Amino acid sequence: MANSQRDWRLIIRDELEILASEKEQVEYEKTVPHVDITQELLCGWFDDSYYPDDDEFQSWFTPSELEAMAAFNAFLDERVALLPESYGTVQNWLNCPTWREVMIEAQKLSTSSRPNPALNSDPAAGGPLLSPWQSLHPLFANQFGSGWAG
């Protein structure tokens, strides 16, 4: 369940950015070599970031933003079974066309490198959505601090 103390826009944007970036994925793996980050990447979206049925989570986004996230969620969910075994390294996924498709779709939804209407405005304030990338991953934000970009 979503926690009302969290900035869900920032969490979603950060998660999409790591899903979209080879550099961030490789740096993440170097930072936590004892962790299979391929599983963390999936858990980061499915378990830690995206709560489509939670009223608090929904309140942070416009209907079009929720629709765009639902489409990405379905896209990712369909591809999980097609991903190869990672054998403990993200490089196996980075060499896989299916994972590259996921990265492209995450980039399309993310505001990390260019504005995107799906996640580019704050419905409450009517302004820009988010500040620059601020954490490696929500689960590790306290460990590594904000602003780490590899």
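This report describes the helices, the nonpolar core and one helix pair of a predicted model.

Local features are given only where pLDDT is at least 70 and side-chain atom pairs only at pLDDT 80 or more, whereas totals for chains, interfaces and linings use all residues. Residues are numbered from 1 along each chain as its sequence is written, and side-chain values use heavy atoms, with hydrogens and water left out.

The chain holds eight helices and zero strands, where helices are DSSP runs of H or I with at least four residues and strands are runs of E with at least two, numbered from the N terminus. Of its 150 residues, 46% are buried, that is, under 20% relative accessible area with a 1.4 Å probe, counting protein chains only.

The largest nonpolar core (buried Ala, Val, Leu, Ile, Met, Phe, Trp, Tyr and Cys residues joined through side-chain atoms within 4.5 Å) has 32 residues, and Leu-41, Trp-45, Phe-57, Met-69, Phe-72 and Trp-99 touch the most other members. The elements that each give two or more residues to this core are tabulated here.

| Element | Residues |
|---|---|
| α1 | 8-20 |
| α3 | 37-49 |
| α5 | 63-80 |
| α6 | 91-94 |
| α7 | 97-109 |

The largest share, seven residues, comes from α1.

The axes of α1 and α3, which are lines fitted to C-alpha atoms over the stretch in contact, with angles from 0 to 180 degrees between N-to-C directions, come within 10 Å and cross at roughly 160°. That makes α1 roughly antiparallel to α3, a term for angles over 145 degrees. The contact (heavy atoms within 4.5 Å) involves residues including Trp-8 and Leu-16 of α1 and Leu-41 and Trp-45 of α3.

Note on methods. Buried < 20%, exposed > 50% of the residue type's maximum accessible area, 1.4 Å probe, protein only. Parallel < 35°, antiparallel > 145°, perpendicular 65-115°, else oblique.
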